[in-house]
Amino acid sequence: MITRQRPAARALALLAALTAGLVTAGPAVADDGDEPAQPSPKVELVLDVSGSMRARDIDGKSRMAAAKQAFNEVLDATPDEVALGIRTLGANYRGDDRRTGCKDTELLYPVERLDESGRTDAKTAVATLAPTGWTPIGPTLLKAAEDLTDDTAERSRRIVLISDGEDTCQPLDPCVVAREISAKGIHLTIDTLGLVPDAKTREQLSCIAEATGGTYTSVRHTDELAGRVKQLVDRAADPVVTPVEAKGTARCADAPELKSGLYTDREKFGEHRWYRVAVPAGKELRASVSVSADRAVDPDYGVLLRAETPGGREIVRGQESGDGRTDVISTGLRHPTPEAEDEDEDDKYGAPETVCLRVSNSFSAPASVKKAPGLPVELAVDLVDSSDEASDVASFGLGHGWWLLGLLVLVGFLAGLVWGWLSRWRLAVWRTN
């Protein structure tokens, strides 16, 4: 079961905001009516309806009931510009013949943009489902890829697979199928959601997702399932941001210089890796990092993101830790710089300040777990105009550690003076009486 922590959630929200900022940071294009309409992004929800979905272990109800409720919420919230379809696996064949069971996949609702009538029809189709048969994940992914690539238009394509178990149709390995889909270069991403937190299911679903640049999430509650699927459907409607590989180094002097963007790397257990960012005067650095546990790890872990000067002095930090079981842990930081003293508008952004970003983790793992390659790291960097609002704590220095410490010392000193004066006054009154 995933341990969800509020600080980690806030850090993930920061990462999402940074990514959105990066996407929209480019030059705006005027809508003069001459631009051709962009093709609708396509999303296909693939639902496991095998017999194991009868298990009643999600909020006191069956896995199937939780999935139906989540689908209803997702269908209501699907953006109008998204073409959405639903495919099932294991929904029709109840027998024991393996060859027949491994062909049991059906397009329950075609991939199309939803109006009110379409949402109602899709909900009705989902309501009729009952846990039935086998788990042909590999064959179903092949069919889902065909559903989404029936045209050659340049568009976003995404499969969201919800399952509670391993594929039962080997040797057609679904991980190999995902790699073949990725090798076709059709820009199709597969995200997976696991309803059972066992190691084999996690390993298979993680492999499927990683093969296409998607994500794996373990969910144990209905609201988590609905929220995650909504997020993935919304993501399909956003312009695609492709992470860039950046190799962190063992010291800042040799570190790669990062611009605004999204970056990926691999970090060994307990390692420190450095990156550099040139922050112009008047700009604010916003950075966040996520480290994924893509294998079994020990229950105590943490991630630290530090902004430092080239000389090693800490400027500001973000950190997060946990002691449960999670798939990803994230944190972020902000570092504003004052505008240049030259009042000329053209020169208000002075010489950039070099900021060293150090990413550290405290993950460890049992001896039986492979340590190579390192853990997946995703680093988001954005440079925005510094705030001029006095309510912005980060821009006015209180988030930089020493300022906050100084403020606390000053408050404590003044409180001590007041308390001492009150104590002496009360003692004088007592002696007089």
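The following dialogue discusses salt bridges, a charged patch and a sheet in a predicted model.

Colleague: On what basis are the features of this model read?

Modeller: The model is predicted: local features need pLDDT of at least 70, side-chain atom pairs count only at pLDDT 80 or more, and totals for chains, interfaces and linings use all residues. Residues are numbered from 1 along each chain as its sequence is written, and side-chain values use heavy atoms, with hydrogens and water left out.

Colleague: How many salt bridges are there by the rule applied here?

Modeller: Side chains of opposite charge can pair when their charged atoms come close. The rule asks for a side-chain nitrogen of Lys or Arg within 4 Å of a carboxyl oxygen of Asp or Glu. By this rule the count is 24. One of them joins Asp164 to Arg63, with the closest N and O atoms 2.6 Å apart. This pair links distant parts of the chain, 101 residues apart: Asp164 lies in the loop between strand 4 (157–163) and helix 6 (174–183), and Arg63 lies in helix 2 (residues 63–77). Helices (H or I, at least four residues) and strands (E, at least two) are DSSP runs, numbered from the N terminus.

Colleague: Are Asp164 and Arg63 buried or exposed?

Modeller: Buried means under 20% relative accessible area, exposed over 50%, and partly exposed in between (1.4 Å probe, protein chains only). Both Asp164 and Arg63 are buried.

Colleague: Which residue forms a salt bridge with Lys123?

Modeller: The partner of Lys123 is Asp76, the closest N and O atoms being 2.5 Å apart. Lys123 in helix 4 and Asp76 in helix 2 are 47 residues apart. Lys123 counts as partly exposed because its relative accessibility is 26%; Asp76, at 49%, is also partly exposed.

Colleague: Why does Arg306 count as buried?

Modeller: Arg306 counts as buried because its relative accessibility is 12%. Its salt-bridge partner is Glu314, with the closest N and O atoms 2.8 Å apart. Glu314 is partly exposed, at 23% relative accessibility.

Colleague: What is the strand order of the open five-stranded sheet?

Modeller: Two strands pair if DSSP finds at least two bridges between them. The order is 7-8-15-10-13, with mixed pairing. Strand 7 (244–245) and strand 13 (328–336) are the edges; each has a single partner strand, so one side of each lacks a neighbour in the sheet. Strand 10 (residues 283–292) and strand 13 pair in the antiparallel sense over nine bridges, and Ala287 stands opposite Leu333 in strand 13.
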